[in-house]
Amino acid sequence: MTPETTVVVDESIDMMRFRTANPPGDELALATWLAERASAMGMSAVVQDVSPGRANCIATVTFGPGPTIVFCTHLDVVPAMLEETWTPQVRDGRLYGRGACDAKGPLAAMLAACRRLIANPPTTGTLILAAVADEETDATGALRLVHDFDADAVIIGEPTSNQPVLSSRGALRLAVDFTGLASHSSTPHRGRNAIHAAAKFIVEGERYHARLLEDGRWASHAATVVEGGTKLNMVPDRCRVLVDRRLAPDESLDAAEAEITQILDKLKAEDPDLSWAVSKAGVWLEPFTTPTSSRFASRVLHAVGAAVPGPPFPGGTDAPHFISRGIPAVILGPGDLEQAHADDEWVEIDQLAAAVDLYERCALALLGSTAESSRERDEILT
Ligand SMILES: [Zn+2]
């Protein structure tokens, strides 16, 4: 290992020791640690409050006039069932433990790239390292950051096996509350069973998912939570179903929501007594695709030496929150999403080291460019 790679591994481990499992997140202590580290490197760092106990770290360094480029990843991680997942270990050329690739390893690589850029600074542009809270649940950290924020491009640190990814699936999460009529369970025909109504919707949802697969759309639908019933001998008058619909990069949230409404309308046609209310659940993510012909994409691809971008990112990221503010995004980082939420999460140390180069090269390519004109940015984002 080079001395720099040793630092990247050590800082990954330091950050993995902060137990920022979301829920509840508790990112404040890690945000404070990171702000101190970035300040010591010569960055101007602030801890931005998100909610009690939760915070972002935003560290900035200005090299000269020109574009503002953001390295963004997250401080929180998913929970772990096994205690050993919380004990970082270096073994067989890999770093194991919660956060190794999602996303404390990528964050350490971004920090190392900042260190290199400060040591050998370009003459133009501003670099921001933004480590945000709550990516794994409600994105409150990224939403707090992008509120009243502008930049010319963002590099999102998530595990993509170091391939630049320029498109992502979206996510539509709905709560469907079925209402029935309670009755004694010895005379169920006098009531209307809300669980039975929900069951029909769940079965139709399974068929809908099968159709999405058959159509070859890279989309999915799943019922993920069911809550209903109060007592063994009562016909339930309420049942809630949460569904998680993942959107292909070329779909829209409105169209996906309309398809779920159609399923409910079809059930209503079969059973006019069916009654429900639909509401938003969790965070919604607009899918996106950045055309590879755009200047932003061609600069990024050229910088990292890739002929084509990697496949669309299957999971959620904070990229859509930047895109919705007109800031083009590339998702790039060491490790594989397969290992990201597993009990034995790991990342290849060689990939961590390579990511430092990639982040540095991306930043230099984008910092050295003139800012995208707003027309170009519109083209990228349409
Ligand atoms: Zn992540």
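# Two domains, two sheets

Guide: In this model, 7 residues of domain 1 are in contact with 7 residues of domain 2. The model is predicted, so local features need pLDDT of at least 70 and side-chain atom pairs count only at pLDDT 80 or more, while totals for chains, interfaces and linings use all residues. Residue numbers start from 1 along each chain as its sequence is written.

Visitor: What makes two residues count as in contact?

Guide: Their C-beta atoms, placed from the backbone, must lie within 7 Å.

Visitor: How do you know where domain 1 and domain 2 begin and end?

Guide: Domain bounds come from an automatic or database domain assignment. That assignment gives 3–168 + 285–381 to domain 1 and 173–280 to domain 2. Their centres, taken over C-alpha atoms, are 37 Å apart.

Visitor: Which elements give two or more residues to the side of domain 1 that touches domain 2?

Guide: They are β8 (167–168) and β15 (288–289). Strands are DSSP runs of E with at least two residues, helices are runs of H or I with at least four, and both are numbered from the N terminus.

Visitor: What is the make-up of that side of domain 1?

Guide: It divides into 3 nonpolar, 3 polar and 1 charged residue. Here Ala, Val, Leu, Ile, Met, Phe, Trp, Tyr, Cys and Pro count as nonpolar, Asp, Glu, Lys and Arg as charged, and the others, Gly among them, as polar.

Visitor: Why are β11 and β14 called edge strands?

Guide: Take the open sheet of 4 strands first. Its order is β11-β13-β9-β14, with antiparallel pairing. Two strands pair if DSSP finds at least two bridges between them. β11 (220–228) and β14 (275–280) each have a single partner strand, so each has one side without a neighbour in the sheet. The twist averages 20° from one strand to the next.

Visitor: How do you know that β9 and β14 are paired?

Guide: β9 (residues 170–179) is joined to β14 by 6 bridges, running antiparallel. The pairing rule asks for at least two, so the pair qualifies. Within it, Phe-178 has Trp-276 of β14 as its bridge partner.

Visitor: What does the angle of helix α5 to β11 refer to?

Guide: Axes are lines fitted to C-alpha atoms, for helices over the stretch in contact, and angles run from 0 to 180 degrees between N-to-C directions. Helix α5 (residues 194–214) runs at about 165° to β11, lying across β9, β11 and β13 (238–247).

Visitor: What is the strand order in the sheet of 6 strands?

Guide: This open sheet reads β1-β2-β6-β3-β7-β16, and its pairing is mixed. β1 (44–51) and β16 (329–331) stand at the edges, because each has a single partner strand.

Visitor: What makes the pairing mixed?

Guide: Look at the neighbours of β6. β2 and β6 pair in the antiparallel sense over 6 bridges. β3 and β6 run parallel, joined by 7 bridges. Phe-71 stands opposite Leu-129 in β6. Phe-71 also stands opposite Ile-155 in β7. Strands β3 (residues 68–74) and β7 (residues 153–156) run parallel, over 4 bridges.

Visitor: Why is β6 said to be largely enclosed?

Guide: A residue is buried if 20 or more other C-beta atoms lie within 10 Å of its own, exposed if 12 or fewer, and partly exposed in between; C-beta atoms are placed from the backbone. In β6, 6 of the 7 residues are buried, so the rest of the structure largely encloses the strand.

Visitor: Why does Leu-30 count as buried or exposed?

Guide: Leu-30 has 26 C-beta neighbours inside 10 Å, so it counts as buried. Leu-30 lies in helix α2. Helix α2 (residues 28–40) lies across β1, β2 (54–62) and β6 (126–132), at about 15° to β2.

Visitor: And how is Val-283 classed, and why?

Guide: Val-283 has 18 such neighbours, so it counts as partly exposed. Val-283 sits in the loop between β14 and β15. Beyond four places in sequence, Val-283 touches Asp-138 and Ala-139.

Visitor: What makes a nonpolar core?

Guide: It is a set of buried Ala, Val, Leu, Ile, Met, Phe, Trp, Tyr and Cys residues joined through C-beta atoms within 7 Å. The largest has 82 residues, and Leu-129 is among those with the most contacts inside it. Helix α10 (residues 349–367) gives the largest share, 10 residues. A second, separate core of 19 residues includes Val-176 and Leu-274.
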